[in-house]
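Trainee: I would like a close look at a single part of this protein, followed from its own residues outward to its surroundings. Please take it slowly and keep the account connected.

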Amino acid sequence: MKRLTSAILGVVAALGIFLIPASPAAAAVVNLAPSATASASYTSPWESVAAINDGVDPPGSNDTVNPRWGTWPNTGEQWVLLTWPQARTLSSAQVYFFDDGGGVRLPASWKLQRWTGSAYADLPGTYPLAANAYNTISFPAVSTTRLRVVLQSGTASVGLLEVKALGENGQQSGWNPPANLVTPLNEVWQHQESTYPNLYGFRNYGWDQIMANRGSVNYCVRWDSGAPVSAALRDQIHAALARQFKKWMDVMVGHNGWPYTNVPVKVVGWAVRDRAQLQWSDNSVDIYVNDIRENAPQCAEACGRFFNQSGNYPNCPGGASHHYDMSLWLTAGMGGGAGGDWGQRIGSEYYVNSLNADNIHILLHEIGHTFGLDDFYDWTPTGVGGFLMKAGSASHITDFDAWMFRDWWRHLRNRYGY
Ligand SMILES: [Zn+2]
């Protein structure tokens, strides 16, 4: 049940990315833009409106690395809109302009608007207009479900690299574990902080994946076996994965501002050595044949989040909707398992023989790792007995596992604007 730390985690840690502080108390000022849906008056086909609230700070206005929003060749009045499912209280915003020195330049002027419920109203203030920096504007706090950035083009088309909408997170702390779990939960969190220096810098936990998709996850199956797979078995493998994944998601429903009641699991692809192993001819999933990595069939890297952590999949043949966040890697003859941000690996015979089991406990344990949960090979938190993440001591998600899971959300939710 080894926890495999991803190579990317190691690289980022080596660069010494700074830690952000742990979640502050209720009503802290945070960037609420990442929890909004972005749309625009127009987006050039090669750009992405999702760039404006992806949480990436641009290196400069002529950013050639990260996703961008731009309107070339369109000019005149152009806008981007952030829409939240519930009203948010905003008190300032920061806007970073896209300017490539050619077809996309700084606008002649710009302004912010809020939605009153029936119309857009301008937000008062002085609007700075600078390249290579965030342009900050503060205004009296407003409650709104929509924030619009309206640009009037100048000498060329216009664009934005990032928009931050700053306001109170507005959530009372929902952190209320049972009294007997407070001490062991604190021990676990402190142990994780001291073991993983990049705990807060890493951005590919299961949490990040769900938030990037706004409430779903995509899987690709790596069928590391010579056995054939019927269409019925394919669907059972999907259904069992969805049932097990749901057990972790159900831990979060209604807890501490978690926004989803259901997180659908889609299986978008299968990787095999030989196409003839897959006994179906429909095109309900993408099929990757004999692309061998780590001695196992691999789904296309161009479509995998592990390899494209910006969340863009420009070289994925089916486009972003065909991307996979994780692999379910099923290996013939394997005992135990491994889990991480890349997915979960377990024995194919074990999994197929467990398809109807209530708890496929090795898979559950490995999914726990995907969401940051640690192993407990060499220590046990004070006062808790058997639990799933202490391998071999429980075969289902216990109360303690559930609270360790929720503790990750407590510490990461700010990065998504919750
Ligand atoms: Zn483990």
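Into which domains is the protein divided, and what are their residue ranges? Once that is clear, please look closely at helix α7.

Mentor: This is a predicted model, and in it the protein is divided into domain 1, made up of residues 6–21 together with 178–416, and domain 2, which covers 30–168.

Helix α7 runs over residues 399–412, a stretch that falls within the 178–416 segment of domain 1. Its 14 residues reach 20 Å from the first C-alpha to the last, which is close to the 20 Å expected at 1.5 Å a residue. Because 12 of those 14 residues are buried, α7 is largely enclosed by the rest of the structure. The buried set consists of F400, D401, A402, W403, M404, F405, R406, D407, W408, W409, H411 and L412, and these residues pack against three other helices, namely α2 (179–195), α3 (206–212) and α4 (231–250).

From here the view widens to the nonpolar core. The largest such core has 67 residues, and the members that touch the most others are W207, Y219, F245, W248, W258, W270 and Y351. At least two residues of this core come from each of α2, α3, β10 (217–224), α4, β12 (265–272), β17 (326–331), α6 (361–370) and α7, and it is α7 that gives the largest share, with 8 residues. One link to the helix can be followed through W258, which, leaving aside residues up to four places away in sequence, touches W409 as well as W207, I210, M211, M249, M252, V253 and V263. Apart from this core lies another, of 28 residues, which includes A36, V49, V95 and F97.

The last step outward is to the boundary between the domains. The centres of domain 1 and domain 2, taken over C-alpha atoms, are separated by 34 Å, and the contact takes 5 residues from domain 1 and 7 residues from domain 2. Between them the two domains bury about 530 Å², with 40% of that area on carbon and sulfur atoms. On the side of domain 1, R214, N312 and Y416 supply 67% of the area buried against domain 2, more than any other three residues, while the rule finds 0 salt bridges across this interface.

For a contrast with the buried tryptophans of α7, among them W403, W408 and W409, one may turn to W46, which is placed in the loop between β3 (37–40) and β4 (69–70) and counts as exposed because its relative accessibility is 53%.

Methods: Residues are numbered from 1 along each chain as its sequence is written. This is a predicted model: local features need pLDDT of at least 70, side-chain atom pairs count only at pLDDT 80 or more; totals for chains, interfaces and linings use all residues. Side-chain values use heavy atoms; hydrogens and water are left out. Helices (H or I, at least four residues) and strands (E, at least two) are DSSP runs, numbered from the N terminus. The expected span of a helix is 1.5 Å times one less than its number of residues. Buried means under 20% relative accessible area, exposed over 50%, partly exposed in between (1.4 Å probe, protein chains only). Contact means heavy atoms within 4.5 Å. A nonpolar core is a set of buried Ala, Val, Leu, Ile, Met, Phe, Trp, Tyr and Cys residues joined through side-chain atoms within 4.5 Å. Domain bounds come from an automatic or database domain assignment. Buried area is the accessible area (1.4 Å probe) that two parts lose on being put together, summed over both. A salt bridge is a side-chain nitrogen of Lys or Arg within 4 Å of a carboxyl oxygen of Asp or Glu.
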